[in-house]
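Dear colleague,

Please find below the structure that I am handing over to you. A summary of the findings follows it.

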Amino acid sequence: MAPARKTPRKHSTQRSSRTGASSRERLATFTDSSLFRLTNHRLEGSKVNYLETPNKGGTIQPSYLVFHYTAGRSSQSSIAWLTNPLAKASAHLVVGRDGTITQLAPFTTKTWHAGVSHWDGLTGLNQHSIGIEMDNAGPLIAVGTKLTAWFGKSYQKSQAIFATHKLDTEPKWWHAFSEKQILIAVELAKILVSQYALKDILGHDDIAPDRKRDPGPAFPLGHIRALVMGRSQEEGDWYQVMVSALNIRSGPGSEYDIVASPLTKGTKLLPLEKQDRWTKVDVDPGALSSGQDLEGWVFNRYIESLNA
Ligand SMILES: [Zn+2]
């Protein structure tokens, strides 16, 4: 599918279990931050480390940003793997759960994060993209009252969300990202899209849908895309819910399914598309208890522009 600036793709995710605190205001107003700078294709800032990986190719001119989860135990273990020649895998950045960033190669050097992949007529996205790995255990299996990752570590249900991946039909548990990681992901997307004039922000599951599910439904990719690519950072594009409970549906009409619990009064929304009396919106992830991505259709009469 061709990327379009003002109409992000459909993301059908559902929310369920909760985790984390509200980041609504910070996520919405996190603009022109001076958290990071770019010098010679290297990121600079506090809590940014550089450790060059041997797993890399030649020079690239990136057009896309691709997000991943590590499906690993810790950022240390993932960095160790992505700098191990045996792995034959790497990425440009690894973002730890505490917000620490490790860069493994300059942004104009090819890293090996995408594998066999396709997007918008291109194949082999390593040649065309910057890859960011988010430290996250990935899908979790319920064992008794706990959740277990493939590498054996257990997590509480409060550290996960139960959701259906946009490419699948059955819900499962996914390790939640930390609030710091999401804020850092937004900032990284802003500075990299701006510096390299990137065309779009994608997930590994977008470019390799037959074999990959990362970064998955716990990652608010749709929101980050809407915020960074879609709306030119204009505050005036935000809307809010005017009623105490507003249904959000899978299509523009009351005959469509309700996709999540009703939105509460004051919830902030980014409009993506309008049809008749309905508007497709991206819901501020800070407003959702799970902090995850949610898009759907709401009735125009019950939302108002914050620009008014
Ligand atoms: Zn991946």
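Which residues does Pro252 touch, not counting residues up to four places away in sequence? They are Gln275, Trp278 and Trp297, where contact means heavy atoms within 4.5 Å.

Before the remaining findings, a note on the basis of the values. This is a predicted model, in which local features need pLDDT of at least 70 and side-chain atom pairs count only at pLDDT 80 or more, while totals for chains, interfaces and linings use all residues. Residues are numbered from 1 along each chain as its sequence is written, and side-chain values use heavy atoms, with hydrogens and water left out.

Pro252 is placed in the loop that runs between β19 (245–246) and β20 (263–264); helices (H or I, at least four residues) and strands (E, at least two) are DSSP runs, numbered from the N terminus. Pro252 counts as partly exposed because its relative accessibility is 23%, given that buried means under 20% relative accessible area, exposed over 50%, and partly exposed in between (1.4 Å probe, protein chains only). Between Pro252 and Val298 there are 7.3 Å in space, C-alpha to C-alpha, although the two are 46 residues apart in sequence.

Val298 also belongs to a core of twelve residues, which includes Leu269, Val281 and Ile303 as well. Such a nonpolar core is a set of buried Ala, Val, Leu, Ile, Met, Phe, Trp, Tyr and Cys residues joined through side-chain atoms within 4.5 Å. That core is separate from the largest one, which has 42 residues, with Leu192 and Ile201 making the most contacts inside it. To this largest core α3 (179–196) gives the most, namely ten residues. The largest core draws at least three residues from each of domain 1 (32–232) and domain 2 (235–308), the bounds coming from an automatic or database domain assignment.

The model also holds a zinc ion, coordinated by His68 (ND1), His204 (ND1) and Asp214 (OD) at 2.0 to 2.1 Å. Donors are N, O and S atoms within 2.8 Å of the metal (3.2 Å for Na, K and Ca); water is not among the atoms, so sites may look incomplete. Along the chain, the donors follow the spacing H-x135-H-x9-D. His68, in strand β5 (residues 64–69), and Asp214, in the loop between α4 (204–207) and α5 (221–230), are 146 residues apart, and the pair links distant parts of the chain. Both His68 and Asp214 are buried.

Yours sincerely
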